[in-house]
Amino acid sequence: MTCRMNLPHSFKKINLFKLKTFRHLFYQYVFIILSLITILFFFVYSYVLNLKQEKDNLLADNFMSLKAELTKEKTVIDTLTDELFFQQPYLEDLGNFISLDYGDYFEFKTDRYMADDASSYLGTLNFVKKVFYTYPNCVKIVFYNTDNQHVRLFSNTDGDYLQYLTAPFPERSINTKQLVSLLNLENDKSDNYISFHKTLNNPASLDNVAEMYYIFDLSNLYEELTKKNRASSGELFLYNEGELLFATNPDLDGEKLKTIQIDNVSGNYQLVSKENPDKLLQQVYFVYFYFALVSVLIVLLAIPLSFKHLRQFDYKLGNIINKMTAIQNGEFDSFTAPVASEHKGDELDVINVNLDKMALQLKKYIDNVYVSQIKQKNYQMKTLRAQINPHFLYNTLESIRMKAVINHDDDVAEMLFTASRLYKNMIKGKELTTLKDELSLCDSYLRLFEIRFEDRLFYDISFSEEIEEALIEKLSIQPLIENYVVHGIKQEEDNNFIEIACTKEKTDILIQVQDNGKGISEEKLKQINQQLVDNDVEASDSMGLLNVHQRIKELFGEQYGVSVAGNEWGGTTVSLRIPFQVREESN
């Protein structure tokens, strides 16, 4: 049963809904993509900030390392100079050491040692030896006499340990490079030298004793700082009186770089850290390059995935629309029962599955109603064909009975009277009658056959007064008796018996019609009971039983009706269960 509908307005709404949904999903996907890229950008930006901070910290650490080394060297020089200044033998020996020739100084040193009670001679050579031993990176010590311009140069490296030179020093203090150039100390390590200048005066006369220069070799420190500083964000520069001594990247022009930190160390030294943007940009460039690459990959992956999801959404939504249209048009043949895997998925899959379920249930309901209507019509046709107008039968039987009375045929007259009373009760009154009246009608019906079979049929009807006013559908028991009389009675025997027993069971009444007739096979019993359950009118040849069963179920509910079974007499027991109900006026 299908009914087709023209739905242009509905399709227009559906297409508008699809368009809005696709637009919403498209904006949603764009938002998700932009959100992912934005989140990734913040991660990258945070990483760049942390990277810059780490590099800045490394530059600051290197700055502090070099500053600490210079401060330490300055502290060493001050300590050593104080030792010379406060030790009179040292100071006197130093004055003779730089003013006398080596032979005269050696003679002075021997005389002084012999005259001194000390076990060791506290002289300049001993002082220099102790300095070189204690501070290995102090590679040279220079003593200069301003009066005679004598220079005494001690070296802690390969070559002459002590050199006697004569060189005019400027009256002012000179820086490291000037000192190296003046004394011809240039070599492969001289670029790593730093010098500290000290003036020694006699504390008594305040006369100048000597000008001292301590030269330190910082090659190891410079090399270590240069390696470590490659990962920093800038460069370090060390100036001595304005002249560059050391730079972590000598190829760069420090004047063009932005100064981060500057500090004057040990008097005439200046330590400067400067920002080198190229170092940071080189690493940041790769970070942002990979960020851009990942962003492009996200977009390239997101676009086909989004279109794939949109196509799936369109397919699922199309299925839903087609199913809704099919349901509206009453076309249920295309629906199939959902399998277990179809329950997995998104909301549209759930809607699809439930639409299938709903359509199948609706089809089942329509089929049940439609088939029930057809069965009901067929049943009504069979009933109409089988029935005779009771009014016609009643008038006809009454005419025949009067003829039998005139002819003094008492048995025939009684049978006709009973039959006419039976049909009269059938056509009068309401659909519901009392159990007492229904059993009275059954008594009249059985009396007819008792007369017919001339003492070969016996019957018994039993019920209690408690249930005699119970309501029952008219002609509910008579068809059960007729089933026995037509199909079960043994006409050749004289002990045919049928019993109608009515008992109350809680809130129900059980009516059992038992006979000792021919009986029904087990297979036939199963078939009849299944037909009663299925309401199979067309396949059933027990019209009376099915008629009663359907009427009782429709009137009182599915839990009531007729059932058929065998009994110990070898016959059949037909059970009819109804609820115990009475009319209100009877209460």
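The following numbered points comment on a predicted model of a single chain, from its overall make-up to individual residues.

1. Overall make-up. The chain contains 14 helices and 16 strands. Of its 587 residues, 39% are buried. Among contacts with a separation of 6 or more, 64% join residues 24 or more positions apart. The accessible surface amounts to about 34400 Å², and carbon and sulfur atoms account for 55% of it.

2. Salt bridges within helices. The structure holds 14 salt bridges, and two of them may be described together. Aspartate 56 pairs with lysine 52, with the closest N and O atoms 2.9 Å apart. The two residues are four positions apart in helix 1, and so about one helical turn separates them. Aspartate 56 is partly exposed, at 23% relative accessible area, and lysine 52 is likewise partly exposed, at 28%. In helix 11 (residues 435-452), glutamate 450 and arginine 447 are three residues apart, about one turn of the helix. Their side chains form a salt bridge with an N to O distance of 2.7 Å. Arginine 447 has a relative accessible area of 29% and is therefore partly exposed.

3. A salt bridge between distant parts of the sequence. Arginine 551 and glutamate 473 meet through their side chains at 3.1 Å, N to O. Because arginine 551 belongs to helix 14 (residues 543-556) and glutamate 473 to strand 12, this pair ties together parts that are 78 residues apart in sequence. The partners differ in exposure: arginine 551 is partly exposed at 22%, whereas glutamate 473 is buried at 9%. Elsewhere, salt bridges with shared partners link Lys52, Asp56 and Glu275 into one network.

4. Lysine 55, a buried charge. Which side chain of opposite charge is nearest to lysine 55? It is glutamate 54, at a distance of 7.3 Å, and lysine 55 has no salt bridge although it is buried. Lysine 55 lies in helix 1 (residues 8-86). Apart from residues up to four places away in sequence, lysine 55 touches Ala231, Ser232, Ser233, Leu280 and Gln283. One of these, Leu280, falls within the span of helix 7 (residues 277-329).

5. Glutamate 468, a second buried charge. Glutamate 468 sits in the loop between strand 11 (457-462) and strand 12 (471-473). This residue is also buried without a salt bridge, and lysine 436, the nearest side chain of opposite charge, is 4.6 Å away. The cut-off for a salt bridge is 4 Å between a side-chain nitrogen of Lys or Arg and a carboxyl oxygen of Asp or Glu. Lysine 436 is nevertheless among the contacts of glutamate 468, together with Thr434, Leu435 and Phe463, once neighbours within four places in sequence are left aside.

6. Surface patches. Two patches on the surface deserve mention. A nonpolar patch of about 830 Å² is formed by Tyr285, Phe286, Phe289, Tyr290, Leu293, Val296, Leu297 and Leu300. Leucine 300 lies in helix 7 (residues 277-329) and is exposed, with a relative accessible area of 53%. A patch of negative charge is made by Asp101, Asp104, Glu107 and Asp111. Glutamate 107 belongs to helix 3 (residues 102-115).

7. Positive phi angles. Where are the two residues other than glycine with positive phi that are noted here? Asparagine 184, with a phi of about 55 degrees, is in the loop between helix 5 (176-182) and strand 4 (193-201). Lysine 506, with phi near 55 degrees, is in the loop between strand 13 (496-505) and strand 14 (508-515). Asparagine 184 is exposed at 62% relative accessibility, and lysine 506 is exposed at 78%.

8. Surroundings of serine 563. Serine 563 is placed in strand 15 (residues 561-566) and is partly exposed, with a relative accessible area of 36%. Neighbours within four places in sequence aside, its contacts are Asn529, Leu532, Thr573, Val574 and Ser575. Leucine 532 is 31 residues away from serine 563 in sequence, yet their C-alpha atoms are 7.7 Å apart in space.

Terms used. Residues numbered from 1 in each chain as written. Predicted model: local features only at pLDDT ≥ 70, side-chain atom pairs only at ≥ 80, totals over all residues. Heavy atoms only, no water. Buried < 20%, exposed > 50% of the residue type's maximum accessible area, 1.4 Å probe, protein only. Contact = heavy atoms within 4.5 Å. Areas by Shrake-Rupley, 256 points an atom, 1.4 Å probe, with all protein chains shown as cover. Patch = residues over 30% accessible without salt bridge, like charges linked within 9 Å, V, L, I, M, F, W, Y side chains within 5 Å. Lys, Arg positive; Asp, Glu negative; His and termini not counted. Charge placed at Lys NZ, Arg CZ, Asp CG, Glu CD.
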